[in-house]
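Got your viewer open? Load the model, pick a cartoon view with side chains on demand, and follow along.

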Amino acid sequence: MELKTCNKCKKLFYYLSGDCLCQECEKDMNELLQKTNQYVTEHQDVRMAQVSTDCDIAMPQIVKWVKNDQLHTVDAQDVYSVCDSCGKPIPSGHFCNLCKKKLLGEVKHAMEADKTHHSAKEPPKSKNSKMRFIKHD
């Protein structure tokens, strides 16, 4: 634990993890998130700018909640995030399904290449392999 200043109210508090908010401000932020989720659920055709205005929330905070899968949207709504790779609008998270598949394929390929690279460097082991010592007289 370290002593930090709350980003919202500027009070000192013991920081554990997550956003740099004291317990009171974090509680307020969670209540605001619940209120916003309820608003988005009740208003089927709401746009992100309207959510920001009606719930008195900054757009970057809404985008952050959507990216972190904290604000759940209905597909028809204009409350969305954008794929970090291609920029396509997505309902939540950091990547669209196409980019997730591409990224997963690249990771699998890299892991297979790494396995092949490591196995080529290892010398063959025989059954009679033993550690040998050199005697110095």
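Start by selecting helix H2, residues 48-55, and show the side chains of Met48, Val51, Ser52 and Cys55: these are buried, meaning under 20% relative accessible area, where exposed is over 50% and partly exposed is in between (1.4 Å probe, protein chains only). Helices here are DSSP runs of H or I with at least four residues, strands are runs of E with at least two, and both are numbered from the N terminus. Look down the axis: the four cover an arc of only 100 degrees, so they sit on the same side of H2; the arc is taken from the directions from the helix axis to the C-beta atoms. An α-helix has 3.6 residues a turn, so residues three or four places apart point the same way.

Before you go on: this is a predicted model, so local features need pLDDT of at least 70 and side-chain atom pairs count only at pLDDT 80 or more, while totals for chains, interfaces and linings use all residues. Residues are numbered from 1 along each chain as its sequence is written, and side-chain values use heavy atoms, with hydrogens and water left out.

Now what covers the buried residues of H2? Add helix H1 (23-42) and helix H3 (59-67), which are among the cover. Step off the end of H2 and you land on Asp56, which has a positive phi, near 55 degrees.

Next, select Cys6, Phe13, Val51, Ile62, Trp65 and Leu71: they have the most contacts inside the largest nonpolar core, a set of 20 residues. Such a core is made of buried Ala, Val, Leu, Ile, Met, Phe, Trp, Tyr and Cys residues joined through side-chain atoms within 4.5 Å. At least two core residues come from each of E2, H1, H2 and H3, and H1 gives the most, with 5.

Swing to the surface and pick Met1, Leu3, Leu12, Tyr14 and Leu16, a nonpolar patch with about 670 Å² of accessible area together. Patch members have over 30% relative accessible area and no salt bridge, with nonpolar side chains (Val, Leu, Ile, Met, Phe, Trp, Tyr) joined within 5 Å and like charges within 9 Å. Areas come from the Shrake-Rupley method with a 1.4 Å probe, and for residues only the protein chains shown count as cover. Leu12, in strand E2 (residues 12-15), is exposed at 61% relative accessible area.

Time for salt bridges (a side-chain nitrogen of Lys or Arg within 4 Å of a carboxyl oxygen of Asp or Glu). How many are there in the whole structure? A search finds 3:

- Lys11 and Glu24, closest N and O atoms 3.2 Å apart; Lys11 is partly exposed at 38% and Glu24 is exposed at 52%.
- Asp19 and Lys64, at 2.5 Å; this pair joins the loop between E2 and H1 to helix H3, 45 residues apart.
- Lys67 and Asp84, at 2.6 Å; Lys67 is buried, at 16% relative accessible area, while Asp84 is partly exposed at 46%.

Last stop: Cys96, in the loop between strand E4 (89-90) and helix H4 (97-121). Is Cys96 buried or exposed? Buried, with a relative accessible area of 4%. Leaving aside neighbours within four places in sequence, Cys96 is in contact with Cys83, Cys86, Lys88 and Ile90, contact being heavy atoms within 4.5 Å. Put a distance label between the C-alpha atoms of Cys96 and Cys86: 8.1 Å.
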